[in-house]
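Work through the exercises below with the model open. Try each task before reading its solution.

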Amino acid sequence: MPNPNPVQAENPWSGALVEWKAHPTWMGRLAKWLEPRLPADARTGLAAQSTTIDAIDDPAWVDRVCAVVGQDAKQLTENLAAAIEDALIVAYHGCRPVDAGVFHAEGIKCNDPVILAEHARSLVADVPGLALLRPQIEARLAAFDDRDRDTGQVYLMADDRLLPNGCGHYLLYGSEWLQVLLGWEAHAALRTYGAPTIIEVHLPLSTIAPETRKELAWYLLREWSRQIVARDDLVPEFDFSFVLRRDIPPEWIAGHTHPSAITDPFYSKIVRQNPFQTCPHCDDPVLTGSLV
Ligand SMILES: [Zn+2]
C-alpha cells in the first residue's frame, strides 16, 4: 500500500533535536535532506571545489550549494525552512535568578512590566547595595519611558557560548528592563543578587516566526557547505536569536548551568569570575523554587 504522505515520512528532520554547536546533530541530516536534490556526484564536486572562499561568514558558501542543487538561494532556503519545521532546536536564555528551579517548574514567562516592576521593588527593598534607590523607586517606575520595551517577548539564543562571552550583561545584571530602570549605579549591587544562569530550552521550530526559520535554514546551508569543503573541526560561534511572543512552557526546559566566568560588556570586557555556580535547584532538584 503506497505511503499516503511520503514526503513527511522521509523527512530526516522529523522529531530531530538540532544543536548548532553539535554538528553531528544536523550535518548528516542536512546531507540526507539534500541527497535527492543533488546530482550523483554533486557532493563530491562540492567538496572538490577550490577553497577560494576564506571568510566563514561569506554568503558565497550558500551560492555554492545552490549551484550544484540547481535551485536559487530563496527557493532552497524556503524548502529547507519547511522541512525543519518538524525539528526542535537547542536554544538558551541568559538570566540571573535566585533559584533556577522556578524555570523548571513554571517555564519562562514573557516580559511583563507589571511583574518586573514588582521584582524591582523587592530588589530595591531587599538588596543592601540598592538602599540609596529606595526613596526614588516609585518615581522611577512612574517615569520609566522604556516600560514597554520588551513587553510580551522572550529572547533565546542559538549558541550558549555567546552568553558569557558577548551578552554577559544578562548573566551579570539580569533583564535589560531592570538594568535600564535602575541604571549604572545599581550594577555592583545587582552582581551580588541571584546566580548567573543559562537556561537550556528545546524549542520546537514550528513555534518560531516563518521568517526566522528561513534565516536559520540559510545559516545551516552556509555552515554545511563550508564544512564539506573546509573539513575542519571549527564550530563558528553563531550570533542568532529567537524572539518568541509567547510563554515557554516548563516541558521545553531541558536544564540549566551556571558559567564559571563572564565577560562584562559594560566594563571594557573584563572577565568576572562567578562565585555563584550553584542554586537551590542544583543543590536539590526536587525543590522547584519559589524565588525569582
Ligand atoms: Zn542551578
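## Exercise 1: A helix residue and a distant partner

Ala120 sits in helix α7. The model is a predicted one.

Task: state whether Ala120 is buried or exposed, and find how far Ala120 lies from Leu234 in sequence and in space.

Solution.
- Step 1. Take the relative accessible area of Ala120, which is 0%.
- Step 2. Buried means under 20%, so Ala120 is buried.
- Step 3. Count along the chain: Ala120 and Leu234 are 114 residues apart in sequence.
- Step 4. Take the C-alpha to C-alpha distance between Ala120 and Leu234, which is 42 Å.

## Exercise 2: The chain as a whole

Task: describe the protein chain by its helices and strands, its box and its share of buried residues.

Solution.
- Step 1. Count the elements: the protein chain has 13 helices and eight strands.
- Step 2. Lay a box along the principal axes. The C-alpha atoms fill roughly 70 × 50 × 40 Å.
- Step 3. Turn to burial. Of the 292 residues in the protein chain, 47% are buried.

## Exercise 3: The zinc site

Task: identify the protein donors of the zinc ion, then assign the geometry of the site.

Solution.
- Step 1. List the donor atoms. They are NE2 of His256, NE2 of His258, SG of Cys279 and SG of Cys282.
- Step 2. Check the distances. These donors lie 2.0 to 2.3 Å from the zinc ion.
- Step 3. Take the angles among the four donor atoms, which run from 102 to 123 degrees.
- Step 4. Four donors count as tetrahedral if all angles lie between 85 and 135 degrees. The site of the zinc ion is therefore tetrahedral.
- Step 5. Read the donors along the chain. Their spacing is H-x1-H-x20-C-x2-C.
- Step 6. Place two of the donors. His256 is in strand β6 (residues 253–257), and Cys279 is in the loop between β8 (270–273) and α13 (280–283), so this pair ties together parts 23 residues apart in sequence.
- Step 7. Check the burial of that pair. His256 is buried at 16% relative accessible area. Cys279 is buried as well, at 3%.

## Exercise 4: Salt bridges

Task: give the number of salt bridges in the structure, then examine the pairs Lys21 with Glu19, Glu118 with Arg121 and Arg161 with Asp159.

Solution.
- Step 1. Start with the total: the structure holds 17 salt bridges.
- Step 2. Take Lys21 and Glu19. Their closest N and O atoms are 2.7 Å apart. Lys21 is partly exposed at 28% relative accessible area, whereas Glu19 is buried at 18%.
- Step 3. Take Glu118 and Arg121. Their closest N and O atoms are 2.7 Å apart. Both residues lie in helix α7 (residues 113–126), three residues apart, so about one helical turn separates them. Glu118 is partly exposed at 47% relative accessibility. Arg121 is partly exposed too, with a relative accessible area of 30%.
- Step 4. Take Arg161 and Asp159. Their closest N and O atoms are 2.6 Å apart. Arg161 is partly exposed at 24%, but Asp159 is buried at 0%.
- Step 5. Look for shared partners. Salt bridges of this kind join Lys74, Glu78, Glu211 and Lys214 into one network.

## Exercise 5: Two crossing helices

Task: classify the crossing of helix α2 (residues 27–34) and helix α5 (residues 73–83).

Solution.
- Step 1. Find the approach: the axes of α2 and α5 come within 12 Å.
- Step 2. Read the angle, which is roughly 120 degrees. That makes α2 oblique to α5.
- Step 3. Assign the hand: the crossing of α2 and α5 is right-handed.

## Exercise 6: Two contacts across the sequence

Task: locate Leu172 and Arg96, and give the spatial distance from Leu172 to Asn274 and from Arg96 to Ile198.

Solution.
- Step 1. Place Leu172 in helix α9 (residues 169–173). Leu172 is buried, at 4% relative accessibility.
- Step 2. Pair Leu172 with Asn274. They are 102 residues apart along the chain, yet their C-alpha atoms are separated by 9.0 Å.
- Step 3. Place Arg96 in the loop between β2 (88–95) and α6 (101–106). Arg96 is buried, with a relative accessible area of 10%.
- Step 4. Pair Arg96 with Ile198. They are 102 residues apart in sequence and 8.5 Å apart in space, C-alpha to C-alpha.

Conventions:
Residues numbered from 1 in each chain as written. Predicted model: local features only at pLDDT ≥ 70, side-chain atom pairs only at ≥ 80, totals over all residues. Heavy atoms only, no water. Donors = N, O, S within 2.8 Å, 3.2 Å for Na, K, Ca; no water. Tetrahedral: all angles 85-135°; square planar, octahedral: opposite > 155°, others 65-115°. Helix = DSSP H or I, 4+ residues; strand = E, 2+ residues; numbered from the N terminus. Buried < 20%, exposed > 50% of the residue type's maximum accessible area, 1.4 Å probe, protein only. Salt bridge = Lys/Arg side-chain N within 4 Å of Asp/Glu carboxyl O. Axes fitted to C-alpha atoms, helices over the stretch in contact; angles between N-to-C directions. Parallel < 35°, antiparallel > 145°, perpendicular 65-115°, else oblique. Left-handed = near helix turned anticlockwise from the far one by under 90°.
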